[in-house]
Amino acid sequence: MSDSVISFRDASFSIGSRPIVRGVSLDVAAGETLVLLGRSGAGKTSVLRMVNGLVLPSSGEVIVNGKSTKEWDSVRLKRSIGYVIQESGLFPHYTVARNIGLVPWLEEWPEDRIRSRVSELLERVGLTDPSFGGRHPRELSGGQRQRVGVARALAAHPSILLLDEPFGALDPLTRSELQTEFLHWAEGKTALFVTHDVFEAMRVGKRIAVFDDGRLVFIGTPDEFLRSDQPLVQPLAKLVLNPGGPHA
């Protein structure tokens, strides 16, 4: 894919003799949201972490913005990519404003620019009460903490977002609201979004990549996903096509 921002080239990752990711090849285009779907333990999170260098391939390579992750400066790569995890991963002893402004501060932005960016992002993620910036994570609801986590990921204007089950621990209503808002937050960004929820995958993904036992077994649009004859994809598609039926 000529305009790909992220490319996996027969990339594998093992821990000792145990394979976690097996020979994955795929491309992610600029501005695309690719959902990584599969059961727990399918290798999705490891694939995600291979993008920002938290995990380096044991063989093959992962290319981000034209450069192998093995050639990137590790700190520079991580700071250039927004990363959102389940339960937000906020620093409990930092205020909301300090959490959001952390990467800009590390990048030595002027204080007034950081304050302006924090204020802008709080507004963008729907935390409009002026008191939010001075609160600590323990003073927020789960949905509010997740919004702060998204704001932190967006703070330094990254072109790439990685999201690892970002809404998985939330109640269904809050989760639905944040899925809708994500479509606006991710506009213009290249995003990889890990989930094991097929309905979430259909809602947020331009394409869906299905993983099983570390292998990529399918990649395609939501429509192609529903029409797939792949044995490992069909049970997932049936959950969408027949939501009232028994789970496969």
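**Group meeting: helix α5, a sheet edge, and two voids**

Okay, let's start with E111, which sits in helix α5, residues 111–124. Keep in mind that what we're looking at is a predicted model. So is E111 buried, exposed or something in between? It counts as partly exposed, because its relative accessibility is 46%, and the partly exposed class runs between the 20% and 50% cut-offs. If you want a distance to check on your own screen, take A97, which is 14 residues away from E111 along the chain. The C-alpha atoms of those two are separated by 12 Å.

Right, over to the strands. Strand β1, residues 4–15, pairs with strand β4, residues 59–64, and the sense is antiparallel, over 5 bridges. To find your way around there, look for I6, which stands opposite V64 in β4. Then β4 also pairs with β5, residues 67–68, again antiparallel, this time over 2 bridges. I63 is part of that, with S68 in β5 as its bridge partner. What do β4 and β5 form? A hairpin, with 2 residues between the strands. Have a look at N65 in that turn, as its phi is positive, about 50°.

Now the empty space, which I guess is what some of you came for. Let me take the pocket before the cavity. The largest pocket holds about 440 Å³ of space. It's lined by 18 residues, and the ones closest to its centre are K78, I81, Y83, V103 and R152. Which elements build that lining? At least two residues each come from α2 (74–79), β6 (81–85), α4 (102–106) and α6 (142–154). β6 gives the most, with 4 residues. As for chemistry, the pocket lining splits into 12 nonpolar, 3 polar and 3 charged residues.

And the closed one. How many cavities of 30 Å³ or more does a search of the whole structure find? Just 1, and the largest cavity has a volume of about 30 Å³. If you want to select its lining, pick V84, V150, L161, L163, F182 and W185. Strand β7, residues 160–164, and helix α7, residues 172–185, each supply at least two of the lining residues. In terms of character, that cavity lining has 6 nonpolar residues, with no polar and no charged ones. Put that beside the pocket, where 3 charged and 3 polar residues are part of the lining.

That's my tour, so over to you for questions.

Notes:
Residues are numbered from 1 along each chain as its sequence is written. This is a predicted model: local features need pLDDT of at least 70, side-chain atom pairs count only at pLDDT 80 or more; totals for chains, interfaces and linings use all residues. Side-chain values use heavy atoms; hydrogens and water are left out. On a 1 Å grid over the protein atoms alone, a cavity is a set of points where a 1.4 Å probe fits but cannot get out, and a pocket is an open set with protein on both sides within 12 Å along at least five of seven lines; lining residues have an atom within 4 Å of a point. Grid points are joined across faces, edges and corners, and a volume is the space filled by probe spheres set on the points. Ala, Val, Leu, Ile, Met, Phe, Trp, Tyr, Cys and Pro count as nonpolar, Asp, Glu, Lys and Arg as charged, and the others, Gly among them, as polar. Buried means under 20% relative accessible area, exposed over 50%, partly exposed in between (1.4 Å probe, protein chains only). Two strands pair if DSSP finds at least two bridges between them.
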